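User: Please take me through this structure in questions and answers, with each technical term explained when it first comes up.

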Amino acid sequence: MPERKLRILIAKPGLDGHDRGAKVVARALMDAGMEVIYTGLRQTPESIVETAIQEDVDAIGLSILSGAHNHLFKRVIELLKNEGAEDIPIFGGGIVPEEDVSYLKRIGVKRVFGPGANTEDIVSYIKEMTNK
Amino acid sequence: MISSIDELIQKMVSGDKRALGKIITLMEEDSSSSAYIVSKIYPLTGKAYILGITGPPGSGKSSIVDKLVSCYRNENLKVGVIAIDPTSPFTGGAILGDRIRMRSHYTDKNVFIRSMATRGTLGGLSRATSDSVKALDAFGNDVIIIETVGAGQVEVDIVKVADTVVVVSVPDMGDTIQKLKAGIMEIGNIFAVNKADIDGAEKCILEIKMMLELSETKNGWVPPIVKTFGDRDNGANELYEAIKNHHKYLLESGRQEKKKIARGKADLIYILQNLFIKKFYEAINEEELEELGKKIASREKDPYTIIEELIPRLKKFL
């Protein structure tokens, strides 16, 4: 019998046009046997949460390089709660200063991967986080 | 387990999107969950109109689906979309990117979009597509649009699932003989020539026209050819009209009923095939399969003889 497939949403919220990192991660997750729902640039927190629910994803990865991470992560987490979907874990990537990382972890972001992060680490982290 | 599935079904039927999302996941994971869920929701299905959009990769299927969803929403109809992308034959992973083109509908409460990977199924759909259509139907969608995987020549299973099939072509993809070949060009009830503003569109239309003239007219429906322009409105509206005409034709000619019967037959065969394969894997483990493979490779035995020998063992599983 085939094993359960992990479905991961990779999204870029807010206004920044740099999706190279998100694409690299999406491809790495695919190569690790996961199904990656890729929604492209300039997503609103509302659309990300709605997508996560319809696609029934196991985790959400947000890539932010605009500096608006504190606001955007918080909003996505709030909306997930409103929808009763706070059980979907969130991780992040992009340019996030150290002091903001601790804030993000406090509000419920599981982990933030910065520049130079190893895709293998991201893969094994997601597998661990989703109990697989 | 069963009781929590019942709970999910109840929630889904009462309009809970998360429950619908989870039901589709269950159907994708395991055919026995599918069997249970479909048996519960079947009386609620059969109401939605099912539209299939197929065509080669990059031909603009997702953009066309996006425009069509807008057309249906303008008439206040509730729409479900299943968008299929390929699974890697090497890693089993997939990048599902059809949603990118459908972003204008992400937060519309009356649109539900689900991306699916083929997970090894050939034919342009995934094993769970037909069952997921039933879930979207029971959820109360008026229209369900299926976007197939980027189709080559033989990904034609959509014809067994959809009421209407739109084949999307783009200019400059091979000559006349490509249009005459068997397979995908035979299944269109409507042809959309997308990106019709680039060179070669008229030639493409002419070739499809010629192909249609050489084909037998099927039951009084002559497939129209519509020019579309990606995500622009003109063209999309004409395509929408053509789709509505075909739907009307299906209802008035009685073809709709016949299609439903044909779909029932196809469902039976498809489910049986999958059941056989599942039972086969239950009866024969990977090592034995490897051994049998070796025998075939070394010409010790041929595959038909091996199957003959296996049949008595498979019987007790049925």
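User: In which helix of chain B is Arg263(B) found?

Analyst: This is a predicted model, in which local features need pLDDT of at least 70 and side-chain atom pairs count only at pLDDT 80 or more, while totals for chains, interfaces and linings use all residues; side-chain values use heavy atoms, with hydrogens and water left out. Residues are numbered from 1 along each chain as its sequence is written, and chains are lettered from A and ligands numbered from 1 in the order in which they are written. Helices (DSSP runs of H or I, at least four residues) and strands (DSSP runs of E, at least two) are numbered from the N terminus. On that numbering, the helix of chain B that covers residues 255–283 and holds Arg263(B) is α10.

User: Is Arg263(B) buried or exposed?

Analyst: Three classes are used, with a 1.4 Å probe and protein chains only: buried (under 20% relative accessible area), exposed (over 50%) and partly exposed (in between). Arg263(B) has a relative accessible area of 15%, and therefore it is classed as buried.

User: With which residue does the side chain of Arg263(B) make a polar contact?

Analyst: A contact means heavy atoms within 4.5 Å, and, not counting residues up to four places away in sequence, Arg263(B) touches Ile50(B), Lys160(B), Val161(B), Ala162(B) and Asp163(B). A polar contact is a narrower idea: a pair of N or O atoms within 3.5 Å, where within protein one must be able to donate a hydrogen and the other to accept it, and residues adjacent in sequence count only if both atoms are side-chain atoms. The side chain of Arg263(B) has such a partner at 2.5 Å, namely the side chain of Asp163(B).

User: How far does α10(B) reach from its first C-alpha to its last?

Analyst: The expected span of a helix is 1.5 Å times one less than its number of residues. For the 29 residues of α10(B) the expected value is 42 Å, and the reach in the model is close to it, at 42 Å.

User: How many of the residues of α2(B) are buried?

Analyst: Helix α2 of chain B has 13 residues, 17–29, which should span 18 Å, and its end C-alpha atoms agree with this at 18 Å apart. The buried residues include Leu20(B), Ile23(B), Ile24(B) and Leu26(B). The helix is largely enclosed by the rest of the structure, because the number of its 13 residues that are buried is 12.

User: At the start of α2(B), which residue has a side-chain oxygen that reaches the backbone nitrogen of Arg18(B)?

Analyst: The place to look is the start of α2(B), where a side-chain oxygen comes to within 2.8 Å of the backbone nitrogen of Arg18(B). That oxygen belongs to Asp16(B).

User: At what angle do helix α3 and helix α5 of chain B pack?

Analyst: Axes are lines fitted to C-alpha atoms, for helices over the stretch in contact, and angles run from 0 to 180 degrees between N-to-C directions. Ser34(B), Val38(B) and Ile41(B) in α3(B) meet Asp131(B), Lys134(B), Ala135(B) and Ala138(B) in α5(B). With their axes 10 Å apart, the two helices pack at an angle of about 35°.

User: Which residues of α2(A) are buried?

Analyst: Helix α2 of chain A runs over residues 45–54, and nine of its 10 residues are buried, so it is largely enclosed by the rest of the structure. The cover includes β1, β2, β3 and α3 of chain A together with α2 and β4 of chain B. The buried residues are Pro45(A), Ser47(A), Ile48(A), Val49(A), Glu50(A), Thr51(A), Ala52(A), Ile53(A) and Gln54(A).

User: What is the relative accessibility of Asn76(B)?

Analyst: Asn76(B) is found in the loop between α4 and β2 of chain B, and although it is not a glycine, its phi is positive, about 60°. It counts as exposed because its relative accessibility is 59%.

User: What is the relative accessible area of Lys195(B)?

Analyst: Lys195(B) is found in the loop between β7 and α8 of chain B, and its phi is near 55°, a positive value in a residue other than glycine. Lys195(B) is partly exposed, because its relative accessible area is 31%.

User: How far apart in space are Gly152(B) and Pro57(B), C-alpha to C-alpha?

Analyst: Gly152(B) has its place in the loop between β5 and α6 of chain B. Along the sequence, Gly152(B) and Pro57(B) are 95 residues apart, while in space the distance is 8.2 Å.
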